[in-house]
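Let's take a friendly walk through a structure, one piece at a time. Keep the sequence and the 3D view open as you read.

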Amino acid sequence: MSGRIEVADHTGVETCAVTRTSALDAAGEAVDSVVLLSLEEAQVEGEPDLVVELIDLYAEDTPRRLDAIRSALAARDLAALRRAAHALKGSSASLGARQVMMLCEKLEQSSGLQGGEMLLTCLEREYARVRLAFADERGRRLRGA
Amino acid sequence: MSSTNVGAPRRILVADDDPVVRHLVSSVVRRAGYTPVTVEDGREAVRILQADAGFGAAVFDMMMPYLEGIDIIRHMRTEKRLMRIPVILMTSETELKLMKDSFEAGATVFLPKPFTTLQLQFSLSMLLGKSGANREPPARSSGTFAARTPAGRS
């Protein structure tokens, strides 16, 4: 993994400072379009657009995963936090949502619950970007553009 | 293995609790000309295998509710009717010990996530004896793609 995520709390204001090292991250893309394009290799002829289907599944599943992370933090349940973060990491990685994936990895590897709330805030912000990017991609594909 | 494995069952058992990965794997399986049978957790995978051994291969996620992928493989390798079914084990973990443990348990291919569709296609081709096995494995930017000779096959 090329990116490094630093989460800091400066002057009481939550900050998600993401050190971006790849060309993709430098461009600030929420989703790696190369990954989405590569998924077309699995498209079965005559069936609905696979990428749209995967985006829809991700959109349906992710709020549930974020809820699980939120609940685990509230309950101070480290094992549940790791499980939930691990689950979201996998689907995010598969669809090229790299920053979400890295934040989940950070949550999964955290040895304690300290800093978890801030990571969750970062995660929610990043997911909002991903959701917008996927909405664009979905619309583009359905229009056949 | 350079020709299609004639007579091998056309169905592939796919177990993953992640709906995105499950759908993606199913699509790759169907594109390869096989029929996926999908389940959402390890316990359901074992339940199906207990009633039905007619699978050409299986694709399991490592971390699933109730039963992990590696534990399903251990179970399969103790059952005569299941021990020859080749298994791809997918995981977000890349540590070498896990890969070693997976092969010791009887996994045929260790496939770190995220994988490309080409990597999965290649793995399936190799297990199912299609000509794709003669090609070089697709490159990946991170993680490890590793395979061993499928159980009971040369």
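## Chain B at a glance

Of the 154 residues that make up chain B, 44% count as buried. Please keep in mind throughout that this is a predicted model. Chain B holds five helices and six strands. If you read along its sequence, these follow the pattern β-α-β-α-β-α-β-α-β-α-β.

How do distant parts of the sequence show up in the contacts of chain B? Among its contacts with a separation of 6 or more, 62% are between residues 24 or more positions apart.

## A residue to look up: I85(B)

One residue shows this on a small scale. I85(B) sits in the loop between α3 (69–76) and β4 (87–91) of chain B. Is I85(B) buried or exposed? A residue is called buried when 20 or more other C-beta atoms lie within 10 Å of its own. I85(B) has 27 C-beta neighbours inside 10 Å, so it counts as buried.

Now look for the partners of I85(B). Leaving out residues up to four places away in sequence, I85(B) touches F55(B), A57(B), A58(B) and M76(B). Take A57(B) from that list: A57(B) and I85(B) are 28 residues apart in sequence, but 5.3 Å apart in space, measuring from C-alpha to C-alpha.

## Helix α5 of chain B

Next, find helix α5 of chain B, which covers residues 117–128. This helix has twelve residues and reaches 16 Å from its first C-alpha to its last, close to the 16 Å expected at 1.5 Å a residue. Right after α5(B) comes G129(B), with a positive phi near 75 degrees.

How much of α5(B) is covered? Mostly covered is the answer, since ten of its twelve residues are buried. Among those buried residues are L120(B), F122(B), L124(B), M126(B) and L127(B), and T117(B) and Q121(B) are on the list too.

## How α1 and α5 of chain B meet

Helices α1(B) and α5(B) pack at an angle of about 50 degrees, with their axes 10 Å apart. That angle makes α1(B) oblique to α5(B). Their crossing is right-handed.

On the α1(B) side, the contact is made by V25(B), V28(B) and V29(B). On the α5(B) side, T117(B), L120(B), Q121(B) and L124(B) take part. Sorted by class, the residues of this contact are five nonpolar, two polar and no charged.

## Where the two chains touch

Let's move on to the contact between the chains. Chain B brings 18 residues to this contact, and chain A brings 20 residues. Which elements of chain B give two or more residues to the side that touches chain A? They are α1 and α5 of chain B, and α1(B) gives the most, with nine residues. By class, this side of chain B has eight nonpolar, six polar and four charged residues.

One helix pair across the contact is worth finding in the 3D view. Helix α3 of chain A (residues 50–74) and helix α1 of chain B (residues 19–31) pack at an angle of about 160 degrees, their axes 8 Å apart. The two helices are therefore roughly antiparallel to each other, and their crossing is right-handed. From α3(A), the contact uses L50(A), E53(A), L54(A), L57(A), Y58(A) and D61(A). From α1(B), it uses P19(B), V20(B), H23(B), L24(B) and S27(B). By class, these residues are seven nonpolar, two polar and two charged.

## Back into chain A: α3 and α6

Within chain A, helix α3(A) also packs with α6(A), at an angle of about 165 degrees and with the axes 10 Å apart. That makes α3(A) roughly antiparallel to α6(A). The crossing of α3(A) and α6(A) is left-handed. Residues in this contact include V52(A), I55(A) and L66(A) of α3(A), along with L120(A), Y127(A) and F134(A) of α6(A). By class, the contact has eleven nonpolar, two polar and seven charged residues.

Helix α6 of chain A (residues 116–143) has 28 residues and reaches 40 Å from its first C-alpha to its last, close to the 40 Å expected at 1.5 Å a residue. Its buried residues include L119(A), C122(A), Y127(A) and F134(A). After α6(A) comes G144(A), whose phi is positive, near 75 degrees.

Technical notes
Residues are numbered from 1 along each chain as its sequence is written. Chains are lettered from A and ligands numbered from 1 in the order in which they are written. This is a predicted model: local features need pLDDT of at least 70, side-chain atom pairs count only at pLDDT 80 or more; totals for chains, interfaces and linings use all residues. Axes are lines fitted to C-alpha atoms, for helices over the stretch in contact, and angles run from 0 to 180 degrees between N-to-C directions. Helices (H or I, at least four residues) and strands (E, at least two) are DSSP runs, numbered from the N terminus. Angles under 35 degrees count as roughly parallel, over 145 as roughly antiparallel, 65 to 115 as roughly perpendicular and the rest as oblique. A crossing is left-handed if the near helix is turned anticlockwise from the far one by less than a right angle, and right-handed if clockwise. Two residues are in contact if their C-beta atoms, placed from the backbone, lie within 7 Å. Ala, Val, Leu, Ile, Met, Phe, Trp, Tyr, Cys and Pro count as nonpolar, Asp, Glu, Lys and Arg as charged, and the others, Gly among them, as polar. The expected span of a helix is 1.5 Å times one less than its number of residues.
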